[in-house]
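Dear colleague,

Please find below the structure that I am handing over to you. My findings follow directly after it.

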Amino acid sequence: MPQPVRVTGAEHRLVPSPAGRTHLVEQGAGPLVLLLHGFPESWYSWRHQLGALAAAGYRAAAVDVRGYGRSSKPADAASYGMLDLVEDNVAVVRALGETTAVVVGHDWGSTIAAHSALVRPDVFRAAGLLSVPYAPPGGPRPSEVFAEMGGDDEFYVSYFQEPGRAEAEIEPDVRGWLAGFYSAFSAGTMPGPSAPDPHFVSRGGTLRERFPSGPLPAWLREDDLDVYAGEFERTGLSGALNRYRNMDRDWEDLARFRGSPLTQPSLFVGGALDASTTWMAEAIQAFPTTMPGLVSSHVLDGCGHWIQQERRDDVNELLTAWLASLPLPA
């Protein structure tokens, strides 16, 4: 197996979790901050935050979420429910010798972070959300909502939910597909408003048909792309895509939390050019009700989806200021 990528001052660890084991990269000493990535990424998406948080007096731990990287990858697609991922996070906190942590996530990691705080407030004392705002559980069944989106096209989530379908598109050329996917949702390289929307798939087509084919976005170096591609070439994409295949199950499992606010101290940072921010504008407007503990909310002008990589200095400043505002753990 290829050796893991090294970040100066950071340490790779494997710790036990309900899935088997969770791989994480940690740096620093102080109150624990758990960092959760999204799709299609890994702990490496937090490479710019580990040192900054350590320098600010925190113990930062960036995990490979279940199914990604060097963490365990259960074969059963039903093993990727939200409650399973919450318990993985609890196990990481315990394995690191702590009783509580601040949890911060991006993309799917934002949703996992929010639900970790919702389901286990005894463990997660604050939540930082990047890109995807919190929306309480509830509403219509997700698969029915997604099926109605797109008109003649198919929404990407529905496309990802069919086992094997997206894998057949991505896995023959992981590196090329990732380059297009990252570019499609980055400031400076995303398609213009008149181009076909890369969030949708033409009937019988592929997502890749709508990706830009120009240079990589400014935040993504060739060697960064090599890191991401190398991990997915080794593991395949099923573990990552299985998160999308449990959304209806989550809707059922989280029924007891329908409409529940996230009450811990929280932070939101979105990108002005990110569809997660614009499509979910009503969720952001509802924060006074849904996130009554919100400390601050920010939308970064000229920023796409990959916030902590596109705007690392801004995110580091916002994260450390927010963390400094939190009460110290008991």
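Which helices are included in what covers the buried residues of helix 7? The model is a predicted one, and in it helix 5 (156–161), helix 6 (165–170) and helix 8 (222–235) are among the elements that cover those residues. Helix 7 itself spans residues 174–184, and 9 of its 11 residues are buried, so that the helix is mostly covered. Val-174 is one of the buried residues, and a continuous run from Trp-177 through Leu-178, Ala-179, Gly-180, Phe-181, Tyr-182 and Ser-183 to Ala-184 is buried as well.

I turn next to the sheet. It is open and mixed in its pairing, with 8 strands in the order 1-2-4-3-5-6-9-10. Strand 1 (11–17) and strand 10 (294–300) each have a single partner strand, which means that one side of each has no neighbour in the sheet. From one strand to the next, the twist averages 20°.

Within this sheet, strand 2 (residues 20–27) pairs with strand 4 (residues 59–63) in the antiparallel sense, over 4 bridges. Here Glu-26 stands opposite Ala-61 of strand 4.

Two helices may be considered together with the sheet. Helix 2 (residues 82–95) packs on the sheet and touches strand 1, strand 2, strand 3 (32–36), strand 4, strand 5 (101–106) and strand 6 (124–130). The direction of helix 2 makes about 115° with that of strand 1. Helix 3 (residues 108–119) lies across strand 3, strand 5 and strand 6, and runs at about 160° to strand 6.

Yours sincerely,
A colleague

Definitions and conventions: Residues are numbered from 1 along each chain as its sequence is written. This is a predicted model: local features need pLDDT of at least 70, side-chain atom pairs count only at pLDDT 80 or more; totals for chains, interfaces and linings use all residues. Side-chain values use heavy atoms; hydrogens and water are left out. Two strands pair if DSSP finds at least two bridges between them. Axes are lines fitted to C-alpha atoms, for helices over the stretch in contact, and angles run from 0 to 180 degrees between N-to-C directions. Contact means heavy atoms within 4.5 Å. Buried means under 20% relative accessible area, exposed over 50%, partly exposed in between (1.4 Å probe, protein chains only).
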